[in-house]
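Colleague: I would like to go through this model with you, one question at a time. Could you set out the reasoning behind each answer as we go?

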Amino acid sequence: MADMTQFENIYFNQSVRPGRLRFANSGLGWKASSKNATQPPFLLPQSEFVSAHWSRAAKGYECRVLTKDRGVIQFDGFDLDDFDRLKNTLKHHFDTVLETRPHSMKGWNWGNTDFERSELVFNVSNRPAFEVPYAQVNNTNLVGKSEVAVELSVDHDLEIRGPSGVRDELVEMRFYVPGTVPKNEDEDEDQSDVEEQNAATAFYETIKERADIGVVAGETIVSFSDIMFLTPRGRYDIDMYPSFMRLRGKTYDYKIVYTSIQRLFLLPKPDELHNVLVIQLDPPLRQGQTRYTFLVVQFLKEEEIEVELNLEDDEFEEKYADKLKKKYDQAAHEVVGQVFRGLSGRKIVVPGQFQSAHGQAGVKCSLKASEGYLYFLEKGFLFIPKPTVYMAHSDVSSVTLSRVGGSVSSSRTFDLTVTLVTGVSHQYSSINREEQSGIESYLKSKNIKIKNDLVDDQTFLAAALGSESDDSDVEVAPRGDRGSASEDEESVDEDFQADSDESDIAEEFDENHASSGDDESAVGEEDDDDDEDDDVVDGDEDDEDDERPVKKKARND
């Protein structure tokens, strides 16, 4: 057999473009066929080779190569006729037998898991249904007592994702693991009381160990302990590695690759006590059914950190001299921000020229029922802490300033509605009125279209204030006129004069009133009628009837 064997149109690790695969006594190599491809060639020395499996795959047949330290390597695109040739090649160059490994086609979603050297194999009826390489496991969480979530990494390489940068990918799997298992399997079987643990917990711990999610702290570049996170809420230890970081909390552990960091914001809070570091992620961090696109880290303004990077001098000078410092001894938010910037390669966004009426970088407001701060940055708007919303100026269609309601109290605040080109709008309410002029100047300087409904309300507001002052003056007089019951009685007694002409009063109440020229018979009849009236008059009118006979007797005398 020749010293080199070559196969054409072979895909490496699910790459979009095919390439050329070559086998030699020193190892194997793969190179993309396209001249415009930027993906570097892949080389695997013969010493790293462990075993190989042949099975059906997406683009025909694949050869899965298991290595010592590089995980599982996938070569897809073989024809069925290539089996014998590939088998002889591996036997000749690597002294390895190519094993046929047919997959289960039953479609069952229950089976047994086997933790092999480089991958997790899910078996159905003693045949693998699928494999999950440990190198592709980005994070794992224990959900409930019997469920384990496994998050898979997303490759950002355009050579793998394709020119459009978009493709369908599996990002999460969930395993239901019921029952219990022995906690220490190495113990003697003769012991009657073997300690057991939840099977899901054992599965979760094994995944963490095999996928290197729980890497020892000694291998980190730098670690930050007990850091306060507002989103997701809690305190976490941050371990920074060359290509990813790890968040370790009491309940959850996360592994975040630096390529998923899109933006970094380092902002002072208007409370003058804290600073926040905002980390935008794509894909977002998952915690159960909740996704966190932004991580919000809070620091006390006066807190300081002193750390030294865990790097050898030669390695530091070669890789990080122009990005990081060997030692840090300054404010905590500055240290963490600079380390994130150096390792992720992302610039840190800081406040621009905008200042509020109180000299702050943000203004206090509310987004729906959540109170927070809205920052007017050089290239966008940012609302923190929860929900964190970032709107780039290029995505903004218009900004509307308005006031809700017609009450005088609402004139002290106004609402700001940001409408995006997609039609989605965010309304930030209860902004202090004294911030209006500064916000308008900022929007004009950024050439953002402004719809100011507050100007149309000025005339109405002035009229409302004027009518309010007039009404307050008018309302004083009616309250004085109405007064209390005692005040009404006093005014009636003042107007009443007992010595005035009583005949006028009698004429008003008695139709049979007789003047001084009338005869006595008429008076007598009138007295009889009055006596009869006294018998039938209600008690409410006794005072009035008792008063009239006295007056008449005085006239008869």
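**An enclosed helix and its surroundings**

Modeller: In this predicted model, eleven of the 13 residues of α5 are buried, so the helix is largely enclosed by the rest of the structure.

Colleague: Which residues of α5 are the buried ones?

Modeller: A residue counts as buried when its relative accessible area is under 20%. By that criterion the buried residues of α5 are A332, H333, V335, V336, G337, Q338, V339, F340, G342, L343 and S344.

Colleague: What distance separates the end C-alpha atoms of α5, and what span should its 13 residues have?

Modeller: The expected span rests on a rise of 1.5 Å a residue, which for the 13 residues of α5 gives 18 Å. The end C-alpha atoms agree with that expectation, because their separation is also 18 Å.

Colleague: Which strands does helix α5 lie across, and at about what angle does it run to β21?

Modeller: Helix α5, residues 332-344, lies across β17, β18, β19, β21, β22, β23 and β26. Its direction relative to β21, which covers residues 261-268, is about 160°.

Colleague: In what order do the strands of the open sheet of eight strands follow one another, and which are the edge strands?

Modeller: The sheet has mixed pairing, and its order is β20-β19-β18-β17-β23-β22-β21-β26. A strand at the edge pairs on one side only, and this holds for β20 (253-257) and β26 (348-349).

Colleague: In which sense do β17 and β23 pair, and which residue of β23 stands opposite F229?

Modeller: Strand β17, residues 222-231, and strand β23, residues 290-300, are joined over three bridges in the antiparallel sense. Opposite F229, the residue in β23 is V297.

Colleague: Turning to β31, how many of its residues are buried?

Modeller: Strand β31 takes in residues 396-402, which makes seven residues, and the strand is mostly covered. The number of them that are buried is six.

Colleague: In which sense does β31 run with β32, and in which sense does β31 pair with β34?

Modeller: Six bridges join β31 to β32, residues 413-420, and these two strands run antiparallel, with S402 standing opposite D415. Three bridges link β31 to β34, residues 450-452, where the bridge partner of V399 is I450. The sense is therefore antiparallel for β32 and, for β34, parallel.

Colleague: For the protein as a whole, how many helices and strands are there, and what share of the residues counts as buried?

Modeller: The protein has eleven helices and 34 strands. Of its 557 residues, the share that counts as buried is 42%.

Note on methods: Residues are numbered from 1 along each chain as its sequence is written. This is a predicted model: local features need pLDDT of at least 70, side-chain atom pairs count only at pLDDT 80 or more; totals for chains, interfaces and linings use all residues. Side-chain values use heavy atoms; hydrogens and water are left out. Helices (H or I, at least four residues) and strands (E, at least two) are DSSP runs, numbered from the N terminus. Buried means under 20% relative accessible area, exposed over 50%, partly exposed in between (1.4 Å probe, protein chains only). Two strands pair if DSSP finds at least two bridges between them. Contact means heavy atoms within 4.5 Å. Axes are lines fitted to C-alpha atoms, for helices over the stretch in contact, and angles run from 0 to 180 degrees between N-to-C directions. The expected span of a helix is 1.5 Å times one less than its number of residues.
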